[in-house]
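Here is a friendly walk through one model, from its salt bridges to its ligand and its surface. Have the sequence and the 3D view open as you read.

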Amino acid sequence: MELDDFLGPRIIIVSGKGGVGKTTVSAALAIVAARRGRKVCITEVDRKGTLAKLFDSEPLTYEPSEMSPNVWGIHIEPGDALAEYLDVQYHMKRISWVFTTTHFLDIITTTAPGFKDILVLGKVWYLEQGRTRSAVKHSFDNVIVDAPAAGHMLSFLESPKGLTDALRVGPIRRQAEWLVDMVTDPHRTKVHLVTLPEEMPVIETLETSEALRRRLGIRSGAIFVNAVYSELLSKQERSLLAEIRSAGRTAELAKVAARVGLDLEEEDVDALVGYERFLEARRSIQARHLRALRRGTEEPVVTLPFLFSAGLALPDIETLADALEKEIEAL
Ligand SMILES: Nc1ncnc2c1ncn2[C@@H]1O[C@H](COP(=O)(O)OP(=O)(O)OP(=O)(O)O)[C@@H](O)[C@H]1O
Ligand SMILES: [Mg+2]
């Protein structure tokens, strides 16, 4: 698939179970888009702040800030979104702080669950439409939503529908309809799911994809399978290693290593060989879960390598973006 087609819908929602790599994938997708000259805004909707850390930039605020060339970030706080909404709709800038205190929002949220989600989606709509009240006007080619974890994501996307069901007429109903249209139009919004090549995440991803179709009438976009172990040795190298092991000749490997400047004890070699076997075992388990995923879905499956870094940083995201480009182009 052409990368530009993949990035076609302006709003890209990235969701999945907690900790599977939503923020990482959002960042890598943003880099892919930015490399193609697109101006991107990643929106963070929870309070963890891992996105800014990944780009080594200041914590995100409601005002878009540029984290790396063409990659912008914003933190959407429902209170800020409500203040902006009241300002745009009713020019209530000066008194809106009364309504936007956490206390006030909590009261409304108790009576109208999903209200905060609607406010966040409303801000995504402003970003899509280029209608922000920011000091600087922005027009983003892509708005990547680093979305809430899968369970909440469904109710997040369903929230405007709840409002259109509750209100029969009026401007708020009309605005809620705009949000329903935005979320359900595949030319405007794509929901990608991130998972790991493990049993429960795969099962839950298939369920989420099905729930998206059933409850919202939308097809999920790609399914990103993150942290897939890459092959350490080729098949030929592996069988050579097996031969050496079974002949009890690992000491010879230490000598070979010494020739290329690696100072290894025999037990280091044993540990490395053991690790290689462990990795192969893991790879075959991952492959099994990947097969189950592919059997269970018609959506394109995109794999991303596990990176052996202590805490990912921008160079790792660039590496993942390289992998993404290749995988998407091969779809
Ligand atoms: N491909 C990868 N290789 C190695 N480590 C990874 C990879 N992808 C993500 N990680 C690491 O896994 C952890 C979770 O990733 P990330 O924060 O992107 O997940 P998340 O789904 O956004 O989590 P949360 O649900 O908490 O927001 C992070 O420490 C990240 O650095
Ligand atoms: Mg995250």
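Which residue forms a salt bridge with Arg35, and how far apart are the closest N and O atoms? The partner is Glu318, and the closest N and O atoms of the pair are 2.8 Å apart. Please keep in mind throughout that this is a predicted model.

## Salt bridges

Let us stay with that pair for a moment. Arg35 lies in helix 2 and Glu318 in helix 14, so the salt bridge ties together parts that are 283 residues apart in sequence. Arg35 is partly exposed, with a relative accessible area of 35%, and Glu318 is also partly exposed, at 31%. The pair has company as well: Arg35, Glu318, Asp322 and Glu325 are linked in a network of salt bridges.

A search of the whole structure finds 18 salt bridges. Three of them are set side by side here, with the distance between N and O atoms.

| Salt bridge | N to O distance |
|---|---|
| Arg35 and Glu318 | 2.8 Å |
| Lys123 and Glu84 | 2.9 Å |
| Glu210 and Arg214 | 3.9 Å |

Is the Lys123 side of the second pair buried or exposed? Lys123 is buried, because its relative accessible area is 2% and buried means under 20%. Its partner Glu84, at 7% relative accessibility, counts as buried too. Lys123 lies in helix 7 (residues 115-129) and Glu84 in helix 4 (residues 78-90), so this salt bridge ties together parts that are 39 residues apart in sequence.

The third pair sits within a single helix. Glu210 and Arg214 are 4 residues apart in helix 10 (residues 199-216), which means that about one helical turn separates them. Glu210 is partly exposed, with a relative accessible area of 36%, whereas Arg214 is exposed, at 57%.

## Around the ligand

Now for ligand 1. Which of the 14 residues around ligand 1 come nearest? They are Gly19, Lys22, Thr23, Thr24 and Asn226.

Several polar atoms of the protein lie by oxygen atoms of the ligand. In the side chain of Thr24, an N or O atom is 2.5 Å from an oxygen atom of ligand 1. For the side chain of Thr23, the corresponding distance to a ligand oxygen is 2.8 Å. Gly21 takes part through its backbone, where an N or O atom lies 2.9 Å from an oxygen atom of ligand 1. Taken alone, ligand 1 exposes 630 Å², and the protein buries 74% of that.

Where does the shell come from? Helix 2 (22-35) and strand 7 (223-228) are the elements that give two or more residues to the shell around ligand 1. Helix 2 gives the most, with 3 residues. Helix 2 also holds Arg35, the residue of the opening question. By type, the shell residues divide into 6 nonpolar, 6 polar and 2 charged.

## A surface patch and a loop

Which residues form a nonpolar patch on the surface? Leu232, Tyr275, Phe278, Phe306 and Phe308 do, with about 500 Å² of accessible area together. Phe308 lies in the loop between strand 8 (301-305) and helix 14 (314-329). At 55% relative accessibility, Phe308 counts as exposed, because the cut-off for that is over 50%.

Another loop, between helix 13 (266-296) and strand 8, holds Thr297. Thr297 counts as buried, at 13% relative accessibility. The side chain of Thr297 reaches the backbone nitrogen of Glu299 at 2.9 Å.

## The whole protein

Stepping back, the secondary structure of the protein comes to 14 helices and 8 strands. Its C-alpha trace spans about 80 × 40 × 40 Å along the principal axes. Of the 331 residues, 47% count as buried.

One last spot to find in the viewer is Lys161, in helix 8 (residues 150-166). Lys161 is partly exposed, with a relative accessible area of 42%. How many residues apart in sequence are Lys161 and Leu216? They are 55 residues apart in sequence, while in space 9.0 Å separates them, C-alpha to C-alpha.

Notes:
Residues numbered from 1 in each chain as written. Chains lettered and ligands numbered in written order. Predicted model: local features only at pLDDT ≥ 70, side-chain atom pairs only at ≥ 80, totals over all residues. Heavy atoms only, no water. Near = heavy atom within 4 Å. Polar contact = N/O pair within 3.5 Å; in protein donor to acceptor, adjacent residues only side chain to side chain. Areas by Shrake-Rupley, 256 points an atom, 1.4 Å probe, with all protein chains shown as cover. Nonpolar A, V, L, I, M, F, W, Y, C, P; charged D, E, K, R; others polar. Patch = residues over 30% accessible without salt bridge, like charges linked within 9 Å, V, L, I, M, F, W, Y side chains within 5 Å. Salt bridge = Lys/Arg side-chain N within 4 Å of Asp/Glu carboxyl O. Buried < 20%, exposed > 50% of the residue type's maximum accessible area, 1.4 Å probe, protein only.
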